[in-house]
Amino acid sequence: MVVKRIQAFDLRDVFKTERTLLSLSGFYPQRHQINVPFYFTSALINVVVSYLQLFSMFGQMVVDRKDLSKLTDTLLFFMTHFTFLGKLTNFGYYRQNLLAIEDDLCARIFYSFSEKQLGILISKIGSCNTIAKIFRMSCVLCIIFYSVLPLLGDEKNLPLPGWLPYDTDAFYLETIIFQILSVCVSAYNNSSIDILTWKLIAVASGEMEILKENLRDLEYKSNGDKELEVTKETFGICIQQHNAVIDLVHKIEFVFSKGIFMQFLSSVIIICFTGFQLLVVPMASIQFVFLVMYFFCMMCQVAMYCWYGHEVMTTSDELGKFCYMSNWYDSDINIRKSITIFLEKTKKPVVLTAGKFVTLSLATLTGILRSSYSYFAVLQHLYQEDS
Amino acid sequence: MMKFKVSGLVADLMPNIRLIQGSGHFMLNYHADNSGALHTLRLGYCCVTLVFMLLQYGCNFVNLVLERGDVNDLAANTITVLFFTHCITKFVYFAVRSKLFYRTLGIWNQPNSHPLFVESNNRYHALALKKMRRLLYIIIVWTSFSAIAWTSITFVGESVHTTKDPENENLTISEPIPRLLVRAWYPWNAMSGMPHMLTLIFQVYYVFFALAHANLLDSLFCSWLIFACEQLQHLKEIMKPLMELSATLDTYVPKSADLFRAPSATSQDNLIENDYNSKNEDLKGVYSTRQELGGHFRGAALQNFGAGGVGPNGLTKKQELMVRSAIKYWVERHKHVVRLVTAIGDAYGVALLLHMLTSTIMLTLLAYQATKITGVDKYAATVIGYLLFALAQVFHFCIFGNRLIEESSSVMEAAYSCHWYDGSEEAKTFVQIVCQQCQKAMSISGAKFFTISLDLFASVLGAVVTYFMVLVQLK
């Protein structure tokens, strides 16, 4: 992102790509009522394909319920798909709030930074972009592996496990196309929603970094009433910025929180089952490589949510420290009392929660991995008993 | 050529720095003469050390892979490899992140000073220096003792390992292996004679230097923490005189004679001393105004300090500036300590995380090995030796991390326990902001995953004991 002047920077451009992608699939809210039939049809196609695939996999699971390794194979993709539909439903339900978030990001208070601080913001968003690219790349690779897998086998294997009410051999090509389409739809929308969330959270933590610097560099020494008024006003602007960022984080949480909660619940199961599949499948095969890629995608998804949530938490924790690092002892009594009230607020860090139940942080990530490993150990024990 | 002058932390930690440089770490600053030839020589020494370490580590690893058939050997070799992984990690970590270490060492180069508090500052600085030296001696003795113990235990007992009998698959025979400190694969035959002697000497060098690499870096980290803690002690000590000074900034000066009806304004101190000592038994449960409000008397006495001076405070402008500068000194010094602790965390946090990761796995395996101890023999000694060394390393930095947490949170107590109620509005708001800031203790975290404190050590120790108990039951 090359920015020639500060004035040319718009926070809403940070998630321009995701906005375009989600608009194409008809889920992003539109301000102006143009092309409504197009968006409606697109959304309808996406939803119909996804639900058909879901029911097909559910049918397969019912058929396979006695065989543990086949069941886990289906359950793996079923859970991913189910989570995706949950997140999509949540996104569709709360999507009007995204327009409110966009309006907030236009507020002047978010643009009170210098050239150097803009550099900090851009680097933060830049790293988020890199991660988004890697994530998208691995998703695309997964899809390619999905499609290539059945074509390499001798029998007419389907890429995804699924029960269909007709003879798959007769309509082999159509079924394959349908399944690949459903996988594409799922990966496309899922990754876009995830990356959109990460970018918004990155913007919030970037703004907080700028606020930290503003607080530290604030000059409190004042000779006379006029300078005192200027200092008071500058401090007031910092407080307003603080409030605006907290408000933004709360709005983001309101929109995405339930989806993230579903993601965490199913990630435990998905990571466990993928690990189990990696044990079952022979090592030197395309399927193994595919499972490794899939495992990486799933880990990346949950880890990134935890990472960005953790960043917001630690950045807001340091606000008090950075305020202390200024020359507050030179300040007037009036401002000093305002500083104490501000410090009281910064004692409580700004956290993002998943469904008000669990906070997004690295501690949660270790908890998820630990649970996955315990379930994996149990599953392995059961499998060894079976065979 | 510029005269080489050291100051701040570098001057205090010079013995540590020299030892670290001597052991082959990539610390290439802090030399009087840093010209091209000498610099290349030192760099060459470091690279040679690195090559030797990696070669021996590679030999250990190859041996691990070769001997993976037998479960006992696999466990023992994994423990050895993990142990030296940790040493190599510290070595490479320092080489890669040496800039952060230099930054931390240079952070205290220009501390502020105030004429009122110079004596206290020097006293705590000397105390910190003494503690840092003592720690260094302990580390040197501990490392040397471990290396010597390791070498001597090599010469005890048989030097064999069990392999499958080539004639009968079900039996195992013992086959002799070279008598060396660490089991490793070498491309030459090191059983006896000259190759054995040379390999033995190389291994002694390897073990000693690997232990030194890890322990010296840990002791550098702990020395930094000692310094930070002593600075916090200094700040706590000067809080009281500072508050008494700023009590003079009160805008309203009450006439102590009217308020407390004391018999004499000037002899307050003497009266109080005599009263307290002689009427000690009478004072139990008796409310005595003079005893209770003794402090106020002293405050009042100070208030009359500049009697007849300029300004509504009863203070000259110069004295007022002195008090304001004292507050500024306190806050700036505290901020400096916060910066130092942040820099320490940035420099060493990731190393601690990696240490804890390898230690956790190693201690789990050691708990398993400990269940196989049958009596007081060489095996028991080596297992217990490894266990004690690993736990001691973790304890080493946990105890200093814990002290930092305790010291930084007790600053609030010191702020509260001084006569803040006597102070001016300015002093009170100063105490308020300081108290708020110090509620949250300063701590070192292992790359934000966990905090270094005695809780961490307790959980590690608890985990090892739990694994041991469970495994003993399963046997």
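This passage describes the confidence of a predicted model and the contact between its chains B and A. In this predicted model, local features require a pLDDT of at least 70 and side-chain atom pairs a pLDDT of 80 or more, whereas totals for chains, interfaces and linings use all residues. Residues are numbered from 1 along each chain as its sequence is written, chains are lettered from A in the order in which they are written, and side-chain values use heavy atoms, with hydrogens and water left out.

The complex received an ipTM of 0.81 and a pTM of 0.83 from the predictor. For chain B, the mean pLDDT (the predictor's confidence in each residue, from 0 to 100) is 84, and 84% of the residues score at least 70. Among the helices (DSSP runs of H or I, at least four residues, numbered from the N terminus), helix 6 of chain B (residues 118-154) has the highest confidence, at 95, and helix 11 of chain B (residues 294-303) the lowest, at a mean of 42. Residues 251-257 of chain B stay under 50, with 10 contacts (heavy atoms within 4.5 Å) beyond four places in sequence. Where pLDDT is low, the predicted coordinates should not be read in detail.

The contact between the chains involves 23 residues of chain B and 21 residues of chain A. Across this interface, 2 salt bridges are found, a salt bridge being a side-chain nitrogen of Lys or Arg within 4 Å of a carboxyl oxygen of Asp or Glu. Lys440(B) and Asp317(A) form a salt bridge through their side chains, at 3.6 Å from N to O. On the side of chain B that touches chain A, helix 12 (317-370) and helix 14 (425-439) are the elements that give two or more residues.
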